[in-house]
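This briefing covers two topics: a disulfide and a sheet of strands. Look at the sequence and the structure before reading on.

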Amino acid sequence: MPLSANPALRKSEPSHFSATMREVRPLLSLVLLIGCQCGWAAAVQPLVCSSGGPVGTVDLRVVSTNTGDKPLPLRTINRLEEGETLTYKPVLRAKEVRKGEVDMVLVPAAGVTTSDKLLVLDEKAAERPEEWKVPWRVGIVAFIYGPEGLSVRKVKGFLSNDVEVVGELADYAEKTSKTEALLAELATPNVSSERFNAALEGFSSQYGLNVQLARNATTDAQAYAAFQALNPAVANYDPLAAQPSASAKQAAMLATSVGELFFGSPVGLAAGGTALLLDLRSLAFPNSEFRSSFSQPMPDDALGLCGKTGSVPAHTRVAYLWAMRVPNAASPALHIGKDNSLPAGEKSPLPVTVSDASWKLLDRARDWTLQPEKGQPDKTKPVAVKVQTLGDTKKLDVDLSKVTPGKYTLQGNWDWDHFEASGFIDVRSLSDFATARIVPASQDRLVTNSGKVTVTLDAGDKADFEFVTKAQIERLHDEFASPLAVPFILPQGLRAGVQKKMDIQIDTSGLDPGPFKLIVLQVDGKPHDITWNLLPSPPSVDNLPIVVNQGVTQTDVVLKGEHLDLIQRIEASKGSVRLDSPVAGQTKRGAILQIPADARAGSSYALRAYVEGHSEPLQFADALKIVGPRPVITGVQVGSPPQQVVSFGQNELPAGGFVSAMLQVKDLDPEGEVRLACSQNWTKSVSTRLGGSSGGLRTQPLAPGQVFVSFDTAGWPNGCVLAATIANGEMGSSAPYVIGRIVLLPKIDTFDFQPTGDASDSLYVILTGENLETIQKAGWTADQSEPVEGLPLPIGDGQKQQLQMRVPAPPDPDAQLFLWLRTDNQPRRTTIRPIASN
C-alpha cells in the first residue's frame, strides 16, 4: 500500500518533513554527538547512542613503518600494509574502568599470497593500550570487544579454513559502513542535500528496503519515504509538535530506526543477513553471543561503539563486533577543469574528473588544503579546507569560509601520501552589483505589453554574474507586490569564470508602466536590487513623410499619431524642428520646420525623436521629403460676359452660365490638376486633370504656363467667391487664386413707365424678365433710392416675371436708372432711361 494511502501517515507529509529537517538534524547532532548537557565536568565526552546502548569509546589507529609519520585513525585508513601496527587505546571517562579483552580479526586483501583466509590475532586486555603487528596487506579488519573476556585459542585453526565466515565478515563490514555514513549525515547540521541523498540511497539499497527513492524528489522527501519503510512508528511522527521535548524525541526516533535496522529489527523489515556474524559464537567463540555494533564519531577521531542490548542467556559471554573494509586503493587522480571558479566565504560544489572507483573512496582523503599559486606575494601558506564528496555527482563540496580570493591548487593526503589535483581553483569575491545595470538598448525594449523581452545586464567594472543562481522582478512602491521569478542565462554557466553580461527574459504582458527592481541572488542567497523602468508605449507618427517644396525654408506642420506628448525633442539630419509644448494624451502636435535653402528636390532626410525614458532616439528614415516647387497661379483672365441691362462689376461672374478663363501658372506639371471651389467653403469643389473635363469643368493646357478653363457656374451659390488651385501631385497645391464672385443679376427683357395717378410726380417702372426678385431698391441717382415694396409676379408659363416699382420723377430726360440688388451694398447702373421706354 502506498505511504500516502495510509491514514496514519497523512499528517506527516513530505512537505512537513521537509519543513522540519532543519530542526531534526541539529537535534540529532545533539543526540548523537553531545548527549544531555548535564552538570558534571568530564574530560571525555559521554557516548549517547541513537540505537542500542553504548559499548564504549575506543581509539583505533594505524602506525606507519616510517617513524616520522603521525598515526592515523583505523576507520579512515586506505591501505593497511605488512609491517604496520594496529593500536588500541581505551578512551575512558572519569572513574570509568574498561574490563574484558579486545582482539582484531584480519582478512587478507585480494592478491595477497597467504595460507590464512582469516586471521584472529591474540586477544589483549581492554583496560590499557595495546598493539598488533600487521602480517600482510589487509582487506577487512574487525575489532572485537568482550566485556567478560574472549577465548580464541581453540578456534584459530578452524576459522582459517572457513570461507563462508570471510564472506559474511565482508558483508558485515559493508553494512557497517553504510549505517555509519547515514548516521553521520543525520548528525551533521546543515549537511548538503547531495551528501545526505547519497548516504540515504546507499543505506536503503544495502538493506533491501521496499521503497523507491525518486531521483527528482527533494532529499527530505526521500528521507521521509525511507524512514517510513524503516519503522511504522515513524508514521506517527509529527513535524509540527508544539513542545520542544516532543520534537527532540521524534527527531531521535529517526536515527534510532536506522540503528535498529542495523541490529535487526523485531518487526521483520530487515532481510537476509542483517545480524551477520551473530552465528559466529558456534564457530569461533564457543559460549559467546556476538552482537553487532556500529561506530559514532567522537572527538579526536575516536570511535564511540554502540551495540545491541538485551538479556544474555546463562553461561554465555557477550562480545561486540565492529568491522570495516580497507579499500587498498592508490591515491586518487583528480583533475579540475574549466568550471573552477568558486565564491570566497561559501561552500561550493567543484566539478572534478576522476575515475568511478576513486570517486567512491574520495571521502577517505584527509588534510585537504589549498596551496596558493605562485606569483601571489600576499599568499604563500596553504589554507586548510574541508572537502567532501557530493553524492554521485563527481562534485566536491569545498568549504571556502576562510579562503580569500586568488588562485589555488587543491591538495590532500591519502593516508601518509600527499597528492595534488591537476588544474587550479579560482576563488573570487561575490559581487554587490552596485554598478550593475540593464544596458540602455535593452531598457529601451522594456515596453508595456510588448510580450517576452530578452534583456542584457552589464555587471560594470567590479561586478561579475558568474555566481548568480536566481533572478526575480518586483514592482517598486507597491506594498502588495511580490517577487516574480524570471528565467536567466549565464553565457558560460554557473561558476564558469568571470561573466560581465547576463541575459534575462521579462514578460511585459499585463504589466503597467512604472518603476521596477530586478532582484539578483547569488550562491549565498542574499538579494541585490537593480532598478529599471517599464516604459509606456512609444510615440507613433502616422502622417510621415512630411513633404516640403524646394525653396521653402520654413513651414508649419502638424504631426498626427499617438503618445506625441512623450516626445521631448526632434532632430533632423538637415535643418531643425521646433515642437509646440506637449499636452498629455494629444494625438496632434504642431511643429515648425526649418529647411536649408540648398535642399534640392528628390532628397529626403531622417528625423530622430528623443522620447522620455529612452536612451536612444526613435529613428524615422526618409521622414522629411523635398519635392519640386509648388505651382503658383500668377494671374487669371476671365472672358467678358455679354452686355445686358444690368451691368456686372469688376471680377464678377454671371451665375447660371458658362464662363471661360485663362490661368497663368508658374511651375506647372503637365500631369497636374485644376480644382475650383468657393473660397468660403472648400468642401464643394470640382476638379479635373489638365486636358480633361468633369462636373462642368473643362481644362486645356495651351502654351507653357497657360491653362484654359471653361466652367458652369450653376453649381455654386450666388455670392460664391470662386477660386482656382493647381495641384502638382506630391509637390503640393498652389495657393488659391480668386477668379471672381458669382453674382445672380436680374435679366430685364422690357421696361415701361406709367404714371401713378396721384398728385405726386412719381412714376411706376414696370419690368419684365427673369431673376427680378434680386432687386431691392431703385433710384435715378446713386445716392437716392426707393425700396421695392412688392415682389415680381410670374407671367405666361411662369418662366418670366413682371415687377412694378415706384420711383420719383427723373431729374432729366437723360437720367439712368440705378438698381440695388439684395446682395449688394452699392447700386448698379442700368441702361434704362426715361426716354427709352419700350
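A disulfide is counted here when two cysteine sulfur atoms lie within 2.5 Å. By this rule the model, which is predicted, has one disulfide. The points below take up this disulfide and then an open sheet of four strands.

**The disulfide**

- A disulfide is a covalent bond between the sulfur atoms of two cysteines.
- The two cysteines are Cys678 and Cys720, and their sulfur atoms are 1.8 Å apart.
- The pair links distant parts of the chain, as Cys678 and Cys720 are 42 residues apart.
- Cys678 belongs to strand E41 (residues 673–678), whereas Cys720 lies in the loop between strand E45 (706–712) and strand E46 (721–727).
- The torsion about the S-S bond of Cys678 and Cys720 is about -120°, so the disulfide is left-handed.
- Cys678 has a relative accessible area of 7%, and buried means under 20%, so Cys678 is buried.
- Cys720 is buried too, with a relative accessible area of 2%.

**The open sheet**

- Strands of a sheet pair through backbone hydrogen bonds, either parallel or antiparallel.
- In this open sheet the four strands follow the order E25-E24-E28-E29, and their pairing is antiparallel.
- Strand E25 (484–485) and strand E29 (527–534) stand at the edges with a single partner strand each, so one side of each has no neighbour in the sheet.

**The pair E28 and E29**

- Strand E28 (residues 514–522) and E29 run antiparallel and are joined by eight bridges.
- Phe516 has Trp532 in E29 as its bridge partner.

Definitions and conventions. Residues numbered from 1 in each chain as written. Predicted model: local features only at pLDDT ≥ 70, side-chain atom pairs only at ≥ 80, totals over all residues. Heavy atoms only, no water. Pairing = 2+ DSSP bridges. Helix = DSSP H or I, 4+ residues; strand = E, 2+ residues; numbered from the N terminus. Buried < 20%, exposed > 50% of the residue type's maximum accessible area, 1.4 Å probe, protein only.
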